[in-house]
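Here are my notes on this entry. Please read them with the structure open beside you.

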Amino acid sequence: MEPTFFGDSEQPLFGIYHPPIKQVQNESAILICYPLFQEYTRSHRALKQLADKLSQSGNHVFRFDYLGTGDSAGDLTGSSIGTWVENIKTATEELKDLSGLNKISIVAVRFSAILALQSIDQSVEDITLWDPIISGKQFIDNLSDMNKEILVDDDRFAVKRISVKTKGFTEILGYMIPDSLISDLYKKNLEISSTNIHVIKNVLFSNKNYNDGCFNEYNTNVQMFDEDCEWNDFHQIEDAIISPNITKSIVDLFK
Amino acid sequence: MNEKILQFGKDKSLIGIASVPTETDYLNRPAIIVLNSGLVHRVGPFRLGVDIARQFSNSGILAFRFDLPGIGDSTQYQSEKTYEERVCNDITSAMDILSSKYNIKEFVSVGICTGAMNSHIITVEDERVVGAVMIDAYAYPTFKYLYFRYRKKILKLLNPIAVLRLLSDIVSSADKSGVINEGVDYFSFPPKAVIKKDLIKILSENKKIFYVYTGGMEYLYNYKNQLQDSFKSIFPTTNINVLYFKKMDHTFILNRDREKLKNSIFDWFSESFF
């Protein structure tokens with residue numbers, strides 16, 4: 001594993017490159033795009049393990065933190081959907097440099113599905129989506145509902161707490177998110193159409209409830225699993241995602 | 001932002017990030033090492049590890065956050081050593097590389113939960129560790145703790161109907177072995193006598209400790225002076241500060257709680273080491 005800071009030296013992004021352990025199998029390198037906010041923390045271990053397995057299978061792999069998240073520079077005040085889409089493009093270029101390959105496959109988890117589809121250019125060969133967010137409104141509404149439950153959860157707090165509004169920000173599940181960013185996330189949907197659907201190689205759902213049927217009219221490979229990642233259960237917001245079958249499926253896709 | 005990635009330790013399996021101040025004042029002060037909270041990687045719960053590190057480095061203190069083996073991006077390695085020995089080795093490796101690269105001679109370890117226990121371990125074992133911040137560390141029952149924990153049940157014993165209901169609940173909640181599972185596990189902490197011995201050693205070396213307890217640990221620690229009451233022969237001492245944030249949860253999910261925690265840690269550090 002090779003951790004690195006990359007991109008703008010004033011506001012560097014943090015990423016980790018996993019070189020192939022055996023002879024390179026594929027002509028495209030794999031970029032893993034994390035989910036946002038607490039879903040990032042929950043899935044960190046699973047995605048690191050995915051990256052390890054993919055590199056053991058002979059793939060170049062890179063995973064990175066968006067600006068204002070993880071170990072990357074800044075905080076959410078400097079973040080926007082546009083910034084994060086650019087981050088994916090920057091990470092794509094970094095991976096091309098590291099791997100020497102010109103083609104990139106993206107594995108995008110949750111809201112990153114929306115961001116990844118906006119970032120695609122000619123170098124992106126295909127995208128695999130894991131429990132993609134289809135409606136930004138529903139995503140934010142789910143987070144807000146969980147936030148309300150958390151504040152009165154007596155397994156968490158000895159004394160019930162209330163939400164305190166800070167001007168210009170909304171606090172949701174541990175993150176102070178600028179209202180402008182909340183507004184952008186709320187309005188964003190997974191924009192699939194006949195012009196970009198060909199890029200979506202696979203869609204994997206850990207629970208049928210996450211699939212609203214938007215892929216039905218296309219000939220997309222949609223796989224359903226019975227190992228719910230419980231993204232919307234407030235009791236589990238600090239539990240690590242464990243999804244061995246989805247991880248195995250993704251590794252098999254690149255064999 | 002001046003952050004550097006360091007790979008170190010056995011087979012360079014450990015990954016950490018040093019937040020290095022732009023001024024060189026940090027050479028005359030201890031550096032802080034932020035340890036993993038449970039299985040959460042070095043970024044910390046709700047990015048708390050990153051925020052603490054950057055707050056300190058922006059104030060002229062070198063800060064380092066890293067992943068222990070098998071957590072976050074650090075790789076597990078084979079070892080015959082005990083857990084405590086491995087933790088000591090790994091944190092020692094972190095201190096060694098910071099000494100080598102940045103000429104740091106003294107350290108303060110910071111940890112939550114298992115991170116607090118690890119902070120305790122390294123503070124006892126390594127003379128370079130001059131202080132520790134332990135958040136929701138060990139806790140031991142006192143009479144007052146037991147009273148606060150069971151007073152509602154005690155009051156119910158005055159009501160016959162409530163007694164019958166309570167007995168019914170006890171019978172139905174007993175596990176197959178017949179033991180009532182209260183969810184309290186004092187056995188995960190070292191024996192109190194061991195901690196007492198450690199504290200005597202730490203204090204004899206003039207090291208400083210900052211304990212923070214939260215209401216998120218209410219089932220084990222439920223009033224302000226429980227630590228002091230548990231170790232009466234140790235207290236009072238100017239080398240140990242204890243804060244109790246009853247309203248806060250174990251991982252500081254609310255931003256205003258994290259701000260208060262960070263500022264408390266920084267204020268303690270400033271008073272202790274500036």
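1. Start inside chain B. Ile32(B) has Val108(B), a residue of β5(B), as its bridge partner. Keep in mind that the whole model is predicted.

2. Now widen the view to the two strands. Strand β3 covers residues 31-34 of chain B. Its pairing with β5(B) is parallel and runs over four bridges.

3. Look next at how β5(B) sits in the chain. The strand spans residues 107-112, and six of the six are buried. Buried here means under 20% relative accessible area. That is why β5(B) is described as largely enclosed by the rest of the structure.

4. Check the two faces of β5(B) in turn. One side carries Phe107(B), Ser109(B) and Gly111(B). The other side carries Val108(B), Val110(B) and Ile112(B). The residues on both sides are all buried, so both faces are covered.

5. Which strand also pairs with β5(B), over six bridges? It is β6(B), residues 129-135, again in the parallel sense. Two bridge partners are worth finding on screen. Val110(B) is matched with Val133(B) of β6(B). Ile112(B) is matched with Ile135(B) of β6(B).

6. Is β6(B) enclosed or open? Seven of its seven residues are buried, so the rest of the structure largely encloses β6(B).

7. Turn to the contact between the chains. How many residues does each chain give? Chain B gives 36 residues and chain A gives 38 residues. Together the two chains bury about 3,000 Å². Carbon and sulfur atoms hold 54% of that area.

8. Polar links cross this interface too. There are 22 residue pairs in polar contact, counting pairs with both residues at pLDDT 80 or more. On chain B's side, the elements that give two or more residues are β1 (3-8), β2 (14-19), α1 (48-58) and α8 (255-273). By class, that side of chain B has twelve nonpolar, ten polar and 14 charged residues.

9. Finish with the salt bridges. Five are found across the interface of chain B and chain A. One salt bridge to locate joins Arg156(A) to Asp249(B). The closest N and O atoms of Arg156(A) and Asp249(B) are 2.6 Å apart. The cut-off for a salt bridge is 4 Å, so this pair falls within it.

Key:
Residues numbered from 1 in each chain as written. Chains lettered and ligands numbered in written order. Predicted model: local features only at pLDDT ≥ 70, side-chain atom pairs only at ≥ 80, totals over all residues. Heavy atoms only, no water. Contact = heavy atoms within 4.5 Å. Buried area = accessible area lost by both parts, 1.4 Å probe. Salt bridge = Lys/Arg side-chain N within 4 Å of Asp/Glu carboxyl O. Polar contact = N/O pair within 3.5 Å; in protein donor to acceptor, adjacent residues only side chain to side chain. Nonpolar A, V, L, I, M, F, W, Y, C, P; charged D, E, K, R; others polar. Buried < 20%, exposed > 50% of the residue type's maximum accessible area, 1.4 Å probe, protein only. Pairing = 2+ DSSP bridges.
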